[in-house]
Amino acid sequence: MNFLDNRYSQLRNFIETQYINQNSWEKVKSLDFMGMEKQMSLKLFSSLVALSSDELTEEVWDKFVEYMQNRDKKHNIVKLGRNTFNDATIPNDKYTAWQLYKSKLIKQGWSDDTIKSIEKTSFEILKNLSMDTTEDGAIKGLVIGNVQSGKTANMAGLMAMAADNGFNYFIVLSGVVENLRQQTATRLYNDMNSSGIGNLHWHQVEKPSLRSKLPEHDISKFNLGSNAKDRYFTVCLKNSSRLNALIKWLLSDPNKAKQLKILVIDDEADQASVNTKKIEDEDRTKINKHITKLVNSDSVKGMNYIAYTATPYANILNETDEESLYPKDFIILLETSEDYIGPKQFFGTEEPESTPQIDVIRDIPDGDVDLVRKVQDLSTVGDLPNSLIDSIHWFMLSVAAMRALDYHKPISMLIHTSFKINHHTNIAKKVEHYLLSIRDNFEVVKENLREMYENESLDFKRSHFLDGMKNYSSKENVPDYPKWEEVERYLDRIIRLPESEFVSHIPIGEEGQPVYHKGFHLVIDNSRAKADDQIVRLVYPKTTSVSGTAPAFIVIGGNTLSRGLTLEGLTTSYFLRTTNQADTLMQMARWFGYRKGYEIFPRVWMEQLALERFQFLSQMNEELKDEIAEYANSGLTPTDYAPRIKNSSDYKLIRITSSNKMQSAEPKEYDFAGFNSQTVYFENDSKKMLSNLKITEAFLNDLGEPEIKNSHMIWQDISTESIKNFLINYEVCEKDIKMSNLPALLEWAEKNSEDLSNWSVVLSSKGRIEETKGLDNGWNIHGYSPKSSVRTKLTKRSTESIANIGALRSPGDLVADIEEELTVEEKGKAKPSEIRAIREKYGYGKVPQIVIYKIDKGQLSNEDVEKFESKPARSPLNFPEDIIGINVMIPGLSKGGQLATYISAKINTNNNFEQDEFYEEELESSEN
């Protein structure tokens with residue numbers, strides 16, 4: 001039985017409604033609440049769900065309820081907050097705004113799981129809103145999504161469901177760039193407008209103002225009564241004059257204002273909405289002043305403010321007082337679709353250790369970084385670095401391959417190396433010059449293209465994508481690489497184009513419309529880019545090109561590409577931005593998102609420093625979600641408990657947000673509480689390896705007799721002084737930025753010794769240590785010779801001189817020093833929050849720990865070879881000596897302790913704020 005068949009849509013909706021009403025799947029299944037026999041109840045229900053009584057048998061009903069229950073369990077909404085202000089319902093009638101929008105998503109090919117997630121999240125948000133806030137003030141909440149993850153679809157779902165439940169005016173605050181605002185407005189109108197067949201009538205109010213004489217701007221004529229079927233929405237630019245005009249117009253008719261039940265949706269809420277002036281000052285930044293004035297207005301019947309963002313750091317670390325936009329009522333996490341390719345998939349996580357699910361990051365060497373910065377300063381033509389040439393080659397190959405696969409939609413390349421407008425023009429000239437040189441010398445270049453295509457086809461196979469994305473909803477539609485001969489034919493076709501069609505900006509037709517050709521459209525997207533006879537900025541075709549050929553775009557730009565803009569068919573990214581500001585950096589990752597129909601083709605070139613920052617961000621995002629989830633069931637609101645955000649031990653690596661956006665953050669100075677880090681970089685230097693082996697052996701033998709527990713040697717109650725003497729001699733690879741802070745950590749640990757217990761020391765080995773008594777493998781610890789652990793290096797993130805192993809520790813090592821026997825469930829825990837909770841439970845909440853690993857130099861056994869042959873991203877270390885790796889874990893927040901783990905907002909206080917230098921978000925234009 002296909003539960004997703006459209007014939008059963010009404011039955012699915014009906015069962016969901018019964019569950020919402022009864023709040024128990026058992027009650028729904030038994031139908032006891034009907035007060036009659038189950039068979040009679042089903043006979044009564046059958047006509048309501050467009051099925052015959054013969055079809056809706058008890059067996060069918062039971063199976064359907066079980067299916068719906070299992071489906072519901074997959075979508076557990078994580079919410080920090082407790083208040084429910086209304087009796088909202090999920091509408092079932094097929095002509096309601098929600099059901100019509102849901103039908104559109106189905107027709108557009110959205111997976112059932114994703115649609116269910118949008119429905120549950122929208123309903124959960126809706127339950128926390130209020131249509132009457134005259135007594136208690138505005139509702140303020142925050143919804144945290146992911147970059148390029150479909151937040152607009154979730155916003156549209158919430159609007160539709162809220163409209164069905166009586167909200168009558170919707171204000172969407174949409175970024176600072178006018179063309180992106182227009183895109184959002186058009187999309188939302190299309191999403192809400194159902195060609196007159198719906199129960200509600202939607203009206204888009206575009207740029208309302210008291211100066212306007214347009215009939216549709218006469219708010220006194222708006223139908224806002226409780227039984228009215230009209231719904232109104234405005235998509236407003238985050239611009240001072242636009243916001244001021246909107247507020248004056250909205251409140252111009254006091255009688256109408258008292259009927260307004262408003263939902264304000266702040267898209268990209270960490271951009272422009274946040275007050276960046278000193279908290280103690282009465283003045284605010286202009287845009288923040290207008291938004292807070294709107295949200296805190298007591299002239300309307302109901303006011304609800306929902307902030308949406310993928311980078312919420314500023315929203316939860318800035319102001320927290322009643323008049324601010326702090327999400328005092330709730331924070332909700334948007335579920336990630338099974339088809340979303342985001343930070344975790346690209347960069348993996350450290351805790352628990354997770355390697356990248358898709359291995360598509362390619363390196364920009366340091367020498368190329370310097371060369372790019374040199375050539376983008378020069379208006380004259382110069383040589384492009386090899387990595388940029390490689391990325392251009394891959395874009396050419398991906399265009400040819402996707403055309404060979406009959407792909408018709410736009411295909412894009414992103415070149416993002418600087419925010420300076422002059423740099424964009426210079427890089428564009430050089431890219432154009434290089435493409436023309438390829439055209440003139442194609443037979444010479446073709447062999448390089450063929451070799452690259454074959455290598456990339458082997459390095460990242462279709463099977464690799466499917467293995468990494470195990471829950472992908474449409475595996476059967478993931479393409480495979482076409483044969484080289486097919487790709488070559490399409491490359492030849494591009495090369496044969498006349499020069500004017502081979503590479504150019506977007507031509508303009510006789511009537512001023514964009515005209516697309518079969519070559520490469522070179523786009524410079526910034527506030528200055530313009531030309532008289534061509535379109536320089538990015539404009540995609542509204543429909544598939546008439547010729548059926550997928551148009552190709554090379555997009556060069558800065559901040560206009562950093563937020564809100566989706567690059568269609570993005571197969572190639574060349575990224576060279578070194579901001580250390582977390583929220584700005586994450587928003588630059590236009591390669592996150594959905595890649596339906598071309599999943600195997602995306603590649604991203606980036607420098608090592610950017611890679612390390614993204615790896616840290618991936619970990620930080622996961623920990624913030626875990627943090628919120630940990631407290632979600634407590635009944636606390638964000639006012640009771642301020643979510644904590646991981647703070648870096650080295651601001652050179654990453655900074656959460658600009659200083660003036662995190663004024664309520666405390667503590668102001670970074671400490672090492674909650675530090676849990678491992679050595680992952682190792683230098684191929686025999687002298688350093690032998691030194692580390694020698695001092696580690698001496699250190700462990702000086703500690704006294706250990707406890708032996710399977711593969712672990714354990715020492716308890718070791719003084720900070722002993723740990724310090726070991727670690728000051730232990731040599732860390734300079735590349736290991738976090739672990740290079742060990743001297744500062746030791747100094748901090750000494751200062752905070754009153755709040756810490758003595759240390760645990762754990763030696764983790766391979767196999768049972770008891771069996772190595774009396775053996776001699778060149779390393780003797782209290783008469784034992786523990787076997788070396790086995791690790792391999794990440795091939796593409798390592799060099800001949802430095803190996804990156806990705807992860808050193810395993811979760812079990814972090815609880816090995818606990819004397820009590822853990823439960824089976826506890827032994828399977830891996831998340832940092834779970835490890836923290838286990839240590840707290842067994843009385844180790846204040847115990848710092850160091851885990852030591854002696855790692856085999858890389859001569860793998862047959863067993864190990866077989867284990868790693870299936871992992872092409874890894875290879876043996878092949879070092880001359882064994883190496884010593886360590887993991888240092890400092891306790892975080894402990895019951896009764898004073899240690900501050902991460903930074904969080906200080907609730908309801910006015911902190912003194914000292915202005916310092918910060919990275920200013922560059923907004924090239926507010927209305928271009």
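# Briefing: sheets, one helix, a buried threonine and cysteines

Tyrosine 169 stands opposite isoleucine 262, a residue of strand 6. The model is predicted. The points below begin with strand 6 and its partners, then take up two open sheets, helix 15, threonine 772 and the cysteines.

**Strand 6 and its partners**

- Strand 6 covers residues 261–267, and 7 of its 7 residues are buried, so the rest of the structure largely encloses the strand.
- The cover extends to both faces of strand 6: one side carries Lys261, Leu263, Ile265 and Asp267, the other Ile262, Val264 and Asp266, and all of these are buried.
- Strand 3 (residues 169–174) runs parallel to strand 6 and is joined to it by 6 bridges.
- Strand 7 (residues 302–309) is also parallel to strand 6, with 7 bridges between the two.
- Isoleucine 262 faces tyrosine 169, and in strand 7 it stands opposite methionine 303.

**Open sheet of 7 strands**

- The strand order in this open sheet is 9-17-16-10-15-13-11, and the pairing is parallel.
- Strand 9 (361–364) and strand 11 (503–504) form the edges, each pairing on one side only.
- Strand 9 is joined by 4 bridges to strand 17 (residues 603–607), and the two run parallel.
- Within strand 17, valine 604 is the residue opposite isoleucine 361.

**Open sheet of 6 strands**

- Here the order is 20-29-27-24-23-22, and the pairing is mixed.
- The edges are strand 20 (676–678) and strand 22 (707–709); each has a single partner strand, so one side of each has no neighbour in the sheet.
- From one strand to the next, the twist averages 20 degrees.
- Helix 24 (residues 720–727) packs on this sheet, where it touches strand 23, strand 24, strand 27 (849–855) and strand 29 (883–889).
- The direction of helix 24 makes about 35 degrees with that of strand 27.
- Strand 23 (residues 712–718) and strand 24 (residues 759–764) run antiparallel and are joined by 5 bridges.
- Histidine 712 has serine 764 of strand 24 opposite it.

**Helix 15**

- Helix 15 spans residues 386–404, which is 19 residues.
- The distance from the first C-alpha of helix 15 to its last is 27 Å, close to the 27 Å expected at 1.5 Å a residue.
- Helix 15 is mostly covered, with 16 of its 19 residues buried.
- Aspartate 406 follows helix 15 and has a positive phi, near 70 degrees.

**Threonine 772**

- Threonine 772 is placed in the loop between strand 24 and strand 25 (793–794).
- Its relative accessibility is 2%, and the cut-off for buried is under 20%, so threonine 772 counts as buried.
- Leaving aside residues up to four places away in sequence, threonine 772 touches Gly783, Tyr784, Ser785 and Pro786.
- A polar atom of the threonine 772 side chain lies 3.2 Å from the backbone nitrogen of serine 785.

**Cysteines**

- How many disulfides does a search of the whole structure find? The search finds 0.
- Cysteine 236 has 5% relative accessibility and so counts as buried.
- Cysteine 733 is buried as well, its relative accessible area being 7%.

Note on methods:
Residues are numbered from 1 along each chain as its sequence is written. This is a predicted model: local features need pLDDT of at least 70, side-chain atom pairs count only at pLDDT 80 or more; totals for chains, interfaces and linings use all residues. Side-chain values use heavy atoms; hydrogens and water are left out. The expected span of a helix is 1.5 Å times one less than its number of residues. Buried means under 20% relative accessible area, exposed over 50%, partly exposed in between (1.4 Å probe, protein chains only). Two strands pair if DSSP finds at least two bridges between them. Axes are lines fitted to C-alpha atoms, for helices over the stretch in contact, and angles run from 0 to 180 degrees between N-to-C directions. Contact means heavy atoms within 4.5 Å. A polar contact is a pair of N or O atoms within 3.5 Å; within protein, one must be able to donate a hydrogen and the other to accept it, and residues adjacent in sequence count only if both atoms are side-chain atoms. A disulfide is a pair of cysteine sulfur atoms within 2.5 Å.
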